[in-house]
Structures are given as C-alpha cells and as structure tokens.
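Got your viewer open and a selection box ready? Here is a short tour, stop by stop, with something to pick at each one.

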Amino acid sequence: MEDNQSLEGKIEALLNVEKQMRLAGDVVGTRKAVMDIVELCFQAKAWKTLNDQIVLLSKRRGQLKQAVTAMVQKAMQYIDETPDLDTRVELIKTLNSVSAGKIYVEIERARLIRKLAKIKEEQGLISEAADLMQEVAVETFGAMAKTEKIAFILEQVRLCLDKQDYVRAQILARKISPRVFDIDPSKGKKKPKEGDAVVEEAPADIPSLLELKRIYYEHMIRYYSHQNDYLEICRSYKAIYDIPAVKEDPSQWIPVLRKICWYLVLSPHDPMQSSLLNATLEDKYLNEIPNFKLLLKQLVTMEVIQWTTLWEMYKTEFENENNLLGGALGDKAAEDLKLRIIEHNILVVSKYYSRITLQRLAELLCLSFEEAEKYLSEMVVSKSLIAKIDRPVGVVCFQTEKDSNDVLNSWAGNLEKLLDLVEKSCHQIHKETMVHKVVLKA
C-alpha cells in the first residue's frame, strides 16, 4: 500500500514538473519528465498505471510532439518485458490508440500493429491479423526505410494468402515494383539534401533486399499457383534463380532450375514462353541436369513427341518434385503436361501440312477422331493456331488468314509477274521474227 502511495506521489511530482516544462515550451525538459514517468511505472511493474499515464500524458493540453514520440518509443522497449500475454496486448493497444492519427509516430504505430498481428496469428486468428495489417498503408511513410516498407507489405500479402483472399493479395503485391530488387545496395547512399525527410534505419530483424526478393517471389508463386498461371510461376522461379546466393549453392539452384523447366513445358505456347525456353536452353547450368535439357530440346524440335514414351521417361522425375524445394507441381499438372504435348504435336503437323484429313491427324497424335477434333478446335479458339475444318469431308486446312493489305499485295505481285512474262514472251517473238527475216533475205 505504501509502495502504491509512494509511486503515486512520485508520479504526481513528475507530472507537475512536466506541466511546468510544457507550459514553458522546454522540449528537452518535457521529454525527460515524460520518460521518467514511464520508466518509474516500469520499474514498479505497475502495468495498469503505465497504460493510464501514457493515455493521460498524450492527452494533456498542448502536449509536445517530441514528448509523445519519446514516450511511445520508450514504452515500446518494455513490450517484451511484460509478464504475460494479456498485459502485452493491453500495452500494445494503449500505444496504438495513442499513436493513431499522429504522423510523427506513424512508423512506431506500424511496428505496433505488426507485433499485435503476430500475436493474433499465433492464436490462430489469421483473418483478424490480416485485417489489422491492412489498416496501415506503409507505402506513404516517407521516413520508413525501404526494406522495412517492403517487409511490411510482404507480411500483408502473406496473411491475405493464408486466409485465401487472393484478390486483396494481388492488390497489395502490386504496391511493390519488382524493379526495386534490382537496385544495387552496395552503392553508396546519396547524402540527403536540406529539407529532405530523414529516413530511419531499418530494425535488425528486417531481412536484406535480396532476401526480401526471394520472399516476394515465393508469395507470387503461391498466388499464381492458385490461378494455375504456369508462365508467371516460371518467371517467378527464374527471378529466384538469378539471386546470387541461390546460384552459388547447387542444393538450391538445381531444384529451382528443375521447376523452371517443368513450368516452361506446362506453359501454353506463346512468344514469351518461346523466348524463355530458348534462353533456358542456352544456360550452361542446364548441362548438370541432362534429362531436363533433353525435355526442353524436344519442345523446340519440330518433331512429333510420343506422349507414352515421354511419360515413361519423366514420370519418376515428375513425382520426385514433391520432395524438392517448392513442393509438388499441382493436381492438374499431369493433365496439363499431356495437353501441352498434344498442342506441340498439332503445331508440328501444321508446319508440315497445309491440308490433312482428320483421320490422319488423329493417327499422328495417337488420339481418337473426336479428341483430335476437340483439341484442334480449342487451339483455334485460343488463337494459338489458324485452321479450318471441313467436317463433312473430314479435312483440316492450315491456312494463314490474310488481311486486305496482304491480299492486295499478293494480287499486285501476281500482276507484276504476269506483265513481266508477257514482256519476255513479246521479246522472244520479236527476236524470232527478226532471225527469220534475215534468213529469208539471204
């Protein structure tokens, strides 16, 4: 009881000192008085009194910004010293309410929200944790370090993915430009000009920019896996593969390069996929995994691939992906792999034939008549291929559709050839006539 009275007496005395300093506009004195009160409560382990004093001091008339900032920063050091979870949560909530709406303690508020969200997540309240994190828009904080901003947004993305809110995850991920990871951190920082906002140093627990790059692309892989966007998954793995730390460790780059190869094969044929495929084939590291080099070579070679032979050769490799970095390829992957091989075979046939019967096409693809027609129609609809099917006759025409300019150019070219031929014929006739006249005269 005496301890409580003595604590209250000391606090009262310090409050009077704080008032005098505040009214006199003494920043240093006010800040010291405020910090002394907070420290006094902590030393006495009076957590409820600490919360009450923080609220009281922040609401005092004409309270100085510097005093509030110092008080919040000082109290944040005591969060990990709290005796139990309830006390910790109460202190975080108090500091959060005090710093809400105050731009001079926005960074402290973001860190408090992150701590509270972590506690909620540990309690299994993923949705609540995600909603808490979304309250803060760190991209507008000028004084926060770039790496801390990125780490905070990545936490927001991760929690949204955990609660399967993929739309929100995509919106948040777009706040990070992938180009930010390509900036060389070793280059010297420019000295801030006069009037520029002072950027704080990131806390020690914030990962480096290259580690954040890996985390970012791992989150994007999770997002694109939900969408089954194989090409974007492949590009994300390619970005991870290009990180120097990954390239130096075979236990890391081999599984990542395997994933790049698999997702290249699974991606629908288009210019971006073709470009990535050729670039990967030129990679010297691919020689370390010859099976996958052979797989990619089959895709760029204009020859029909036998699905059964290919599946027998790569089935074991396909199943081994479950135990490697990045996990399994997904439930639909095996079906999609077969579909991509069929599409490749149809493209090969279209290169060699201008017209072919559906029956012969089905034989070349090792499919039934109906399946061949179905897959061919799907490729025409997706504009991967230009073809026309004469169903009564059962003939497919692989003919490139020409626009009006091409048709006119073709006609003009044909007319030019015709006139050239007429001119040559006239010249030859004239020549023959002259020869015969000379002969007759002789």
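What follows is a walk through a helix, a pocket, a small set of loop residues and a sheet. Keep in mind that this is a predicted model.

**Stop 1: helix 8**

Start by selecting residues 146-162, which make up helix 8. How far apart are its end C-alpha atoms? They sit 24 Å apart, and that agrees with expectation, because 17 residues at 1.5 Å a residue should span 24 Å. Now switch on a surface and see how much of helix 8 it hides: 14 of the 17 residues are buried, so the helix counts as mostly covered, given that buried means under 20% relative accessible area.

**Stop 2: just past the end of the helix**

Step along the chain to Q164, which follows helix 8. Q164 belongs to the loop between helix 8 and helix 9 (166-173). Check its backbone: phi is near 65°, a positive value in a residue other than glycine. That is worth a click because most residues other than glycine have a negative phi. Is Q164 buried or exposed? It is exposed, with a relative accessible area of 58%.

**Stop 3: another positive phi**

Next, pick N228, in the loop between helix 10 (209-227) and helix 11 (230-241). Phi of N228 is also positive, near 60°, and N228 is not a glycine. With a relative accessible area of 35%, N228 is partly exposed.

**Stop 4: the second largest pocket**

Time for some empty space. Rolling a probe the size of a water molecule over the atoms shows where such space is left. Select R111, R114, K115, K118 and D205: of the 26 residues lining the second largest pocket, these lie nearest its centre. The volume of this pocket is about 610 Å³.

Which helix gives the largest share of the lining? Helix 6 does, with 9 residues. To show more of the wall, colour helix 5 (85-99), helix 6 (106-122) and helix 8, each of which supplies at least two lining residues. So the helix from the first stop turns up here again, as a contributor to the lining.

Now colour the lining by class. You should get 14 nonpolar and 12 charged residues, with no polar ones.

**Stop 5: a loop residue and a long ruler**

Move to R60, in the loop between helix 3 (47-59) and helix 4 (65-76). R60 counts as partly exposed, at 22% relative accessibility. Draw a distance from R60 to K146, C-alpha to C-alpha: the pair is 34 Å apart in space and 86 residues apart in sequence. K146 falls within the residue range of helix 8, 146-162.

**Stop 6: the sheet**

Last, bring up the strands. There is an open sheet of 3 strands in the order 1-3-2, with antiparallel pairing. Its edge strands are strand 1 (355-357) and strand 2 (388-390), each pairing on one side only. On average, neighbouring strands of this sheet are turned by 25° against each other, direction ignored.

Zoom in where strand 2 meets strand 3 (residues 395-397): 3 bridges join the two, and they run antiparallel. Pick D390, which is part of strand 2. What stands opposite D390 in strand 3? V395 does. At 36% relative accessibility, D390 counts as partly exposed. Finish with one more ruler, from D390 to T357: these C-alpha atoms are 9.3 Å apart, with their positions 33 residues apart in sequence counted as a separation.

How values were computed. Residues numbered from 1 in each chain as written. Predicted model: local features only at pLDDT ≥ 70, side-chain atom pairs only at ≥ 80, totals over all residues. Heavy atoms only, no water. Helix = DSSP H or I, 4+ residues; strand = E, 2+ residues; numbered from the N terminus. Expected span 1.5 Å × (residues − 1). Buried < 20%, exposed > 50% of the residue type's maximum accessible area, 1.4 Å probe, protein only. 1 Å grid on protein atoms, 1.4 Å probe; cavity = no way out; pocket = protein on both sides within 12 Å on 5 of 7 lines; lining within 4 Å. Points joined across faces, edges and corners; volume = space filled by probe spheres on them. Nonpolar A, V, L, I, M, F, W, Y, C, P; charged D, E, K, R; others polar. Pairing = 2+ DSSP bridges. Axes fitted to C-alpha atoms, helices over the stretch in contact; angles between N-to-C directions.
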